[in-house]
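Here is a short tour of one structure. Start with the whole chain, then move to single residues.

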Amino acid sequence: MALSEYKFFTPVVSETDEQAVERLTSEMTELEMIYSKLDSENDTETEEMQNIESIILAKRTEFEEKGGSYPEL
């Protein structure tokens, strides 16, 4: 049986590059904050940190392909 309606989520049928850049910016910000927190709590890189790093790098690639540009920090 397929789910006929969603209660907490509105699925995105398609998104523009601009919408993708906004979504990816938000996702990468959260992931970088989590990574930074884990980095400050651990003396060495953990498996969880390695996994997060891989996700961040993949999202950066997608972000760049969609035309995203990084802010100056």
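The protein chain holds two helices and zero strands. The model is predicted. Helix H1 covers residues 17–41, and helix H2 covers residues 47–65.

**The chain as a whole**

What radius of gyration does the protein chain have? The value is 16 Å, whereas a compact globule of 73 residues would have one near 11 Å. Along its principal axes, the C-alpha trace spans about 45 × 35 × 15 Å.

Burial comes next. Of the 73 residues in the protein chain, 16% are buried. The accessible surface comes to about 6300 Å². Carbon and sulfur atoms account for 52% of that surface.

Contacts also reach along the sequence. Take the contacts with a separation of 6 or more: 54% of them join residues 24 or more positions apart.

Charge is the last overall point. The protein chain carries 6 positive and 19 negative side chains. The centres of these two sets lie 7 Å apart.

**Two residues of helix H2**

Lys 59 sits in helix H2. Is Lys 59 buried or exposed? Its relative accessible area is 19%, and buried means under 20%, so Lys 59 counts as buried. The side chain of Lys 59 makes a polar contact with the side chain of Glu 27, at 2.6 Å. Leaving aside residues up to four places away in sequence, Lys 59 touches Leu 24, Glu 27, Met 28 and Leu 31. Glu 27 is thus named in both ways: as a polar partner and as a touching residue.

Phe 63 is also found in helix H2. Its relative accessibility is 3%, which is under the 20% limit, so Phe 63 is buried. Which residues does Phe 63 touch, not counting those up to four places away in sequence? They are Val 21, Leu 24, Thr 25, Met 28, Gly 68, Ser 69 and Tyr 70. Leu 24 and Met 28 appear in this list and in the one for Lys 59.

**Two residues outside the helices**

Asn 42 lies in the loop between H1 and H2. Its relative accessible area is 27%, and partly exposed runs between 20% and 50%, so Asn 42 is partly exposed. What does the side chain of Asn 42 reach at 2.7 Å? It reaches the backbone oxygen of Leu 38.

Ser 69 is placed in the segment after H2. Its relative accessibility is 60%, and exposed means over 50%, so Ser 69 counts as exposed. Ser 69 is still one of the residues that Phe 63 touches.

**Separations between C-alpha atoms**

The table sets distance along the chain beside distance in space.

| Pair | Residues apart along the chain | C-alpha separation |
|---|---|---|
| Phe 63 and Glu 18 | 45 residues | 9.9 Å |
| Ser 69 and Met 49 | 20 residues | 24 Å |
| Asn 42 and Gly 67 | 25 residues | 34 Å |

Phe 63 and Glu 18 are 45 residues apart along the chain, yet their C-alpha atoms are separated by 9.9 Å. For Asn 42 and Gly 67, 25 residues apart, the separation is 34 Å.

Key:
Residues are numbered from 1 along each chain as its sequence is written. This is a predicted model: local features need pLDDT of at least 70, side-chain atom pairs count only at pLDDT 80 or more; totals for chains, interfaces and linings use all residues. Side-chain values use heavy atoms; hydrogens and water are left out. Helices (H or I, at least four residues) and strands (E, at least two) are DSSP runs, numbered from the N terminus. Buried means under 20% relative accessible area, exposed over 50%, partly exposed in between (1.4 Å probe, protein chains only). A polar contact is a pair of N or O atoms within 3.5 Å; within protein, one must be able to donate a hydrogen and the other to accept it, and residues adjacent in sequence count only if both atoms are side-chain atoms. Contact means heavy atoms within 4.5 Å. The radius of gyration is taken over C-alpha atoms; the globule rule is 2.2 Å times the number of residues to the power 0.38. Accessible areas come from the Shrake-Rupley method with a 1.4 Å probe; for residues, only the protein chains shown count as cover. Lys and Arg count as positive and Asp and Glu as negative; His and the chain ends are not counted. The place of a charge is taken as NZ of Lys, CZ of Arg, CG of Asp or CD of Glu.
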